[in-house]
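Visitor: I should like to understand the terms applied to this model. Could you take me through them?

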Amino acid sequence: MKAIVVEQTGGPNVMRLLEGDDPGPRPGQVAVRVAAAGVNFIDTYHRSGAYQLPLPFTPGMEGGGAVVAVGEGVTEFKPGDEVAWAQVPGSYADIVVGREADFVPVPSRVSTATAAAAMLQGLTAQYLCNTVYPVREGDTVIVHAAAGGVGLLLTQIVKYKGGKVIGTVSTDAKAELARSNGCDHVLFYEDFGAKARELTGGEGVAAVFDGVGKDTFEEGLSALRRRGTMALFGQSSGAVAKFDPQVLNAKGSLILTRPKLDDFIATREEYLERAADVFGMIEDDNLLIRVGESFRLDEAAEAHRALESRKSTGKLLLIP
């Protein structure tokens, strides 16, 4: 098998394509030939050492492909089944092996590449606006990085639920994409909090979905209405500084949460349910998955540079 390997943390160039033995599935495991692997910010955090993993390791958590072998005791899948996954370590490879419970079936009307592009970001968008803050009809929310992978999907789901979206972006091109994706208002990051309050008649927004972090966090709190929710689910601009929770009281009994996907697909039932919801929206043409660019497996460094530059739009994929 071929896989990207990180032997020491650092910049994109620390990733190397190496060949090794096919591990095969152990009891309770499934081996999958990867058709496409998703490229996500968490992969860059692992590669850089911001989130530490034991060395050496193969990056990547997400993808789609066809089952090639199953271990003893596996009952849900058989060779040839199309599957996708959101949390299987080592996905920057041509073969990935994980627990049976790590994979979900891909409906026949959803392509494997689309499923790969939809898993981590689609499930994240799904749990954010259905569980972390259940968007209700008429709610106005801020979606940061509205032209990015999660932002594009989150905007569509919020709109499907009857909410209004104020999207933030960094360039004119991204602003146009965010508008075409359904954002009711598109703002650049400068003074977005004050402008969002103006757009809501001074009331503030019901929720801020913030995957940017350091650069947007404090101003985002000021954009919230009384008892509004700050969902800080990422930190593409860096980690938020130490924070005094008394600020939440002073700004109107705000709710602050730092969620992660693991805790919202913690059971097999919940994982299958959220994935089925995302795939169902895709099948019904209520959720458009945009793939921004695809790279060969040996171009993983280039893919990371594209993502970290924040100039990319839509989903980035690696194709083994």
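Guide: The following exchange sets the values for this model against the definitions of the terms. This is a predicted model, in which local features need pLDDT of at least 70 and side-chain atom pairs count only at pLDDT 80 or more, while totals for chains, interfaces and linings use all residues. Residues are numbered from 1 along each chain as its sequence is written, and side-chain values use heavy atoms, with hydrogens and water left out.

Visitor: Why is His 144 called buried or exposed?

Guide: Buried means under 20% relative accessible area, exposed over 50%, and partly exposed in between, with a 1.4 Å probe and protein chains only. His 144 has 3% relative accessibility, so it counts as buried. The residue sits in the loop between strand 8 and helix 3 (149-160); helices (H or I, at least four residues) and strands (E, at least two) are DSSP runs, numbered from the N terminus. Contact means heavy atoms within 4.5 Å. Not counting residues up to four places away in sequence, His 144 touches nine residues by name: Gly 151, Thr 168, Tyr 189, Phe 192, Val 208, Phe 209, Asp 210, Val 212 and Thr 216.

Visitor: What makes Gln 235 buried?

Guide: Its relative accessible area is 18%, so Gln 235 is buried. Gln 235 is placed in the loop between strand 12 (224-232) and helix 7 (246-250). Neighbours within four places in sequence aside, its contacts are Tyr 45, Tyr 51, Gly 211, Val 212, Gly 213 and Arg 258.

Visitor: Why does Arg 26 count as buried or exposed?

Guide: Arg 26 has 63% relative accessibility and therefore counts as exposed. This residue belongs to the loop between strand 2 (15-19) and strand 3 (29-39). Leaving aside neighbours within four places in sequence, Arg 26 is in contact with Gly 71 and Glu 72. From C-alpha to C-alpha, Arg 26 and Gly 98 are 9.0 Å apart, with their positions 72 residues apart in sequence.

Visitor: How do you know where the buried residues of helix 5 lie around its axis?

Guide: In helix 5 (residues 192-199), the buried residues are Phe 192, Gly 193 and Ala 196. Seen down the axis, they fall within an arc of 100°, so they line one face of the helix; the arc is that of the directions from the helix axis to the C-beta atoms. They pack against strand 8 (140-143), strand 9 (164-169), strand 10 (185-188), strand 11 (205-210) and helix 6 (217-223). Gly 201, which follows helix 5, has a positive phi, near 65°.

Visitor: What is the relation of helix 2 to helix 8, and why?

Guide: The axes of helix 2 (residues 112-132) and helix 8 (residues 268-283) come within 9 Å and cross at roughly 110°. That makes helix 2 roughly perpendicular to helix 8, since angles of 65 to 115 degrees count as roughly perpendicular, under 35 as roughly parallel, over 145 as roughly antiparallel and the rest as oblique. Axes are lines fitted to C-alpha atoms, for helices over the stretch in contact, and angles run from 0 to 180 degrees between N-to-C directions. The contact includes Met 119 and Leu 123 of helix 2 and Phe 279 and Ile 282 of helix 8.

Visitor: What makes a set of residues a nonpolar core?

Guide: Such a core is a set of buried Ala, Val, Leu, Ile, Met, Phe, Trp, Tyr and Cys residues joined through side-chain atoms within 4.5 Å. The largest has 82 residues, and Trp 85, Tyr 92, Leu 154, Phe 209, Phe 279 and Leu 318 have the most contacts inside it. Helix 2 gives the most to this core, with 12 residues.
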